[in-house]
Amino acid sequence: MFGHDNRELAAVFVGGAIGTVARAALAVFAAPHPEHWPWPTFVVNIVGAFLLGYFTTRLLERLPVSSYQRPLLGTGVCGGLTTFSTMQVETVRMLEHGAYGLAAGYTTASIVAGLAAVYLATVLVRRVRVRA
Amino acid sequence: MTAVIWLGVALIGGAGAVTRFLVDRAVSKRKSSSFPYGTFAVNLSGAWLLGFFGGLALSPNVALLAGTAFVGAYTTFSTWMLETQRLGEERQVWFALANIVASVVLGLAAAALGLWMGGLL
């Protein structure tokens with residue numbers, strides 16, 4: 001399709017389906033109110049950032065090149081599990097409700113924790129010595 | 001919530017991820033800069049679309065399939081964070097900062113615009 005590797009697209013599709021079901025299940029069963037901290041989105045985003053840091057570093061720097069693990073686990077599962085759009089719409093809803101402190105805190109905490117999660121996962125993978 | 005809806009969430013989520021992969025590639029191919037334009041374009045367009053769906057006041061199941069499943073899977077927080085952290089690691093601090101500030105400011109503007117436009121219909 002469109003001149004792409006179909007097996008790579010299939011890997012992204014399967015991973016995306018798995019990540020999306022996990023995120024949607026959490027969003028449906030723990031739907032937050034606009035004036036409360038959106039734990040479902042926050043948790044999937046930080047967990048997904050950690051996993052992507054782990055998979056990407058491990059696959060690019062530690063393991064032999066494999067064609068389908070990165071599209072399946074990184075682009076698919078982590079991309080499907082995490083969401084930028086929901087975070088932004090949630091923040092706009094907070095601003096509409098006049099919850100400015102919550103909106104600023106949510107945005108800042110997501111970015112700080114997200115970057116820290118990627119960094120931590122990267123350091124953990126690099127600390128493990130590659131066996132010769 | 002029926003099994004059919006959850007099968008739909010899985011299939012539509014997979015389609016959202018594939019759409020992100022294709023849009024990211026198409027945009028990145030046209031830009032030779034180390035700024036992650038592909039993810040940036042995906043996330044801004046997705047923030048607008050999710051806002052638009054939110055403004056339409058869809059039924060819960062349609063909102064779950066179109067918004068949570070498709071747009072949620074189309075956009076990505078993890079890649080945004082990974083690319084920003086890697087820019088910082090490569091000492092491209094201005095690109096890293098710009099990627100955060102521009103994504104947040106324009107992402108909120110896109111979501112608010114989408115909500116407003118959806119509400120007009």
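Start by selecting chain A and colouring it by burial: of its 132 residues, 45% are buried. Keep in mind as you click around that this is a predicted model. The accessible surface of chain A comes to about 6700 Å², and carbon and sulfur atoms own 67% of that area.

Now switch chain A to a cartoon view. You'll see five helices and zero strands, so to speak an α-α-α-α-α pattern when you read along the sequence. Turn the chain around: its C-alpha atoms fill a box of roughly 55 × 40 × 25 Å along the principal axes. Next, show the contacts within chain A. Among those with a separation of 6 or more, 77% link residues 24 or more positions apart.

**Stop one: a pair between the chains**

Time for some side chains. Side chains of opposite charge can pair when their charged atoms come close. Over all chains, the count of salt bridges comes to four. Select Arg25(B) and Glu8(A), whose side chains meet in a salt bridge with an N to O distance of 3.3 Å. Which helices do Arg25(B) and Glu8(A) lie in? Arg25(B) sits in helix 1 of chain B and Glu8(A) in helix 1 of chain A, so this pair joins two chains. Is Glu8(A) buried or exposed? Glu8(A) is buried, because its relative accessible area is 15%, and buried means under 20%. Arg25(B), on the other hand, is partly exposed at 34%.

**Stop two: a long-range pair**

Go back to chain A and select Glu61(A) and Arg126(A). Their closest N and O atoms are 2.8 Å apart, forming a salt bridge. Glu61(A) belongs to helix 2 and Arg126(A) to helix 5 (residues 100-127), so the pair ties together parts that are 65 residues apart in sequence. Both ends are partly exposed: Glu61(A) has a relative accessibility of 36%, and Arg126(A) has 31%.

**Stop three: a pair in one helix**

Slide over to helix 4 of chain A and pick Arg93(A) and Glu96(A). Their side chains meet in a salt bridge too, at 3.8 Å from N to O. How far apart are Arg93(A) and Glu96(A) along the helix? They are three residues apart, which means about one helical turn separates them. Arg93(A) is partly exposed at 29%, while Glu96(A) counts as exposed at 53%. Before moving on, add Glu89(B) to your selection with Glu61(A) and Arg126(A): salt bridges that share partners join these residues into one network.

**Stop four: the largest pocket**

Turn on the surface and look for the largest pocket, which holds about 880 Å³ of space. To find it, select Ala27(A), Pro32(A), Thr86(A), Glu90(A) and Thr68(B), which lie nearest its centre among the 31 lining residues. Which helix gives the most to this lining? Helix 3 of chain B does, with six residues. Colour the lining by type and you'll get 19 nonpolar, nine polar and three charged residues.

**Stop five: the second largest pocket**

Your last selection is the second largest pocket, with about 670 Å³ of space. Of its 26 lining residues, Arg70(A), Asp24(B), Thr39(B), Thr79(B) and Glu83(B) are the closest to the centre. Helices from both chains supply at least two lining residues each, including helix 3 (69-81) of chain A and helix 4 (78-89) of chain B. Colour this lining by type as well: it divides into nine nonpolar, nine polar and eight charged residues.

Methods: Residues numbered from 1 in each chain as written. Chains lettered and ligands numbered in written order. Predicted model: local features only at pLDDT ≥ 70, side-chain atom pairs only at ≥ 80, totals over all residues. Heavy atoms only, no water. 1 Å grid on protein atoms, 1.4 Å probe; cavity = no way out; pocket = protein on both sides within 12 Å on 5 of 7 lines; lining within 4 Å. Points joined across faces, edges and corners; volume = space filled by probe spheres on them. Helix = DSSP H or I, 4+ residues; strand = E, 2+ residues; numbered from the N terminus. Nonpolar A, V, L, I, M, F, W, Y, C, P; charged D, E, K, R; others polar. Buried < 20%, exposed > 50% of the residue type's maximum accessible area, 1.4 Å probe, protein only. Contact = heavy atoms within 4.5 Å. Areas by Shrake-Rupley, 256 points an atom, 1.4 Å probe, with all protein chains shown as cover.
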